[in-house]
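Biologist: Hi! Could you walk me through this one? I'm still new to reading structures.
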Amino acid sequence: MDNLARAFAKVAEDDPGHPALIVDGVKLCYGRLLEQVRRVGAGVSALRSDGKPPRVALSLGNRPELPVLFLGTVAAGGVVGLLDPKWSAGQAAAALETLRPDLHLTAEAAAAWIAAQPAGWSIPTVDPKTPFLVGFTSGTTGRPKAFIRNQGSWLATLEASRVEFGIGPSDTVLVPGPLVHGLGLYGLVEGLSAGATVWVQPKFDAADAAARLEESDITTLVLVPTMLVGILDAAERDGRRFPLLKRVVCSGAKLAPAVHERLTVLCPEAAILEYYGASELSFVSLRSSHEGAPADSVGRPFHGVELSLRDDDGNPVEQGRPGTVWVRSGMLSDGYLGTADSAGFRESDGWGTVGDYGWIDAKGWLRLVGRAGDMVITGGLNVYPAEVEASLRAHPAVAEAVVFALPDPYWGDTVSAVVWWRGAQRASLADLRSWCHQRLEGYKAPRRVFAAADMPLTGSGKIARADVRDRAIAGRLETLE
């Protein structure tokens with residue numbers, strides 16, 4: 001493929017009347033969507049100067065214009081920067097300073113700008129090394145950190161996900177999350193490249209999503225775990241089932257075993273496809289419910305991915321021993337743009353890492369134990385929160401858990417946790433410590449545990465871990481005895 005937008009365009013040319021996109025009551029068939037994409041391509045091409053790819057910043061949210069502007073900019077060989085409408089003015093200003101766009105479109109101006117562009121433009125050939133996306137992820141300084149992707153990296157990603165997910169023209173994909181984040185954006189592009197119909201919620205609404213899953217012909221759901229739990233809660237409350245759902249594609253955090261059980265009741269035939277990845281790495285591994293992977297693993301390497309577990313000196317570690325997870329594939333990003341805050345992604349000889357630690361068992365299943373920066377040192381011993389969280393999530397009373405360090409005069413740091421209960425069940429501190437002792441070394445069992453009723457989330461729908469820890473420190477959570 002010579003242009004990331006080419007697969008979508010071919011579908012549109014072959015079957016222009018097929019439903020392509022449903023957003024906030026607006027329905028576009030492939031032919032109409034392609035017509036608008038070509039207008040955007042013409043307008044973005046006119047921005048090109050001195051041979052550099054034009055840069056377009058979009059501050060739209062989940063509106064019908066966003067897919068049109070994204071695909072049109074990409075088709076023209078331009079670069080899209082997606083700005084989160086939930087950002088503060090300072091965060092947005094910092095992102096714009098990093099991106100330095102040739103064009104910045106907001107919700108108020110987007111539709112008129114598209115309509116003003118000429119029709120009849122043709123999609124050109126684009127070098128796969130051409131950058132097309134500047135995505136923003138949190139940096140260690142609090143300033144949005146901008147990673148760069150080239151067209152070839154997403155062409156490889158689309159090829160890999162076609163093998164693993166198998167989405168096609170007969171599918172309808174529901175994307176309930178924000179398109180400014182990687183999971184939602186990729187779900188949109190993947191669906192349109194495969195000829196599917198993509199249904200986008202303007203804003204996440206669990207009850208609405210559950211209703212559509214029962215009443216519409218939706219076959220595929222793409223979302224983060226917290227949104228899935230919200231949809232399951234709504235479905236169980238309203239007595240709904242998901243008869244046509246074939247696959248649930250989920251990423252951002254591990255699904256608790258209880259979530260698997262609940263989902264199986266509502267749609268027993270659906271494949272639950274949990275993938276581990278990162279904005280800078282794309283897909284890394286996949287755990288499919290149809291493959292029998294251990295519940296605490298993140299699966300086996302994704303199609304087209306090689307893994308290498310290495311020690312701090314860069315040497316491979318023995319099988320079964322923990323090491324930094326290094327990844328080699330055609331899906332890696334080109335690093336960061338315009339920032340000295342390079343903490344996170346590192347690249348060497350075609351291999352990349354974001355600093356996650358893990359180990360691979362004798363059958364090839366990858367397990368994660370955390371990142372070096374998240375490590376808790378208690379009594380001189382290292383504890384990675386991810387493995388403690390996995391143990392807590394397996395408890396029948398626990399729906400979700402977050403583990404972190406709290407200062408302690410004796411231990412230095414003490415392993416602490418916040419849990420959210422599953423239904424009416426409860427457990428004591430002694431119960432949870434005993435449960436963890438049976439599965440982990442004794443020093444990894446949390447010494448302080450808090451219970452929370454509500455769950456603070458980031459803009460992408462992940463648990464706001466720093467906020468959770470702050471609530472525990474401030475005494476705003478129930479302390480288990």
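Modeller: Happy to! A definition to start: two strands count as paired if DSSP finds at least two bridges between them. Also, keep in mind that this is a predicted model.

Biologist: Okay, so which residue is the bridge partner of F450 in β27?

Modeller: That's T479. Strand β26, residues 448-451, is joined to β27 by two bridges, and these strands run antiparallel.

Biologist: What order do the strands take in that sheet?

Modeller: The order is β24-β25-β26-β27, in an open sheet of four strands with mixed pairing. At the edges sit β24 (398-408) and β27 (478-479), each pairing on one side only.

Biologist: And which strands does helix α13 lie across?

Modeller: Helix α13, residues 465-473, lies across β24, β25 and β26, at about 65° to β24. Helix α11 (residues 385-393) lies across β24 and β25, at about 140° to β24.

Biologist: New topic! How do α1 and α2 cross?

Modeller: Their axes come within 8 Å and cross at roughly 130°. Since angles over 145 count as roughly antiparallel and 65 to 115 as roughly perpendicular, α1 is therefore oblique to α2. The crossing is left-handed.

Biologist: Which residues of α1 and α2 meet there?

Modeller: From α1, they include F8, A9 and V11, which meet a group in α2 that includes Y30, L33 and L34.

Biologist: Last one: how many disulfides does the structure hold?

Modeller: Zero.

Biologist: And C436, buried or exposed?

Modeller: C436 is buried, because its relative accessible area is 0% and the cut-off for buried is under 20%. C29 has 27%, so C29 is partly exposed.

Definitions and conventions
Residues numbered from 1 in each chain as written. Predicted model: local features only at pLDDT ≥ 70, side-chain atom pairs only at ≥ 80, totals over all residues. Heavy atoms only, no water. Contact = heavy atoms within 4.5 Å. Axes fitted to C-alpha atoms, helices over the stretch in contact; angles between N-to-C directions. Disulfide = S-S within 2.5 Å. Buried < 20%, exposed > 50% of the residue type's maximum accessible area, 1.4 Å probe, protein only. Parallel < 35°, antiparallel > 145°, perpendicular 65-115°, else oblique. Left-handed = near helix turned anticlockwise from the far one by under 90°.
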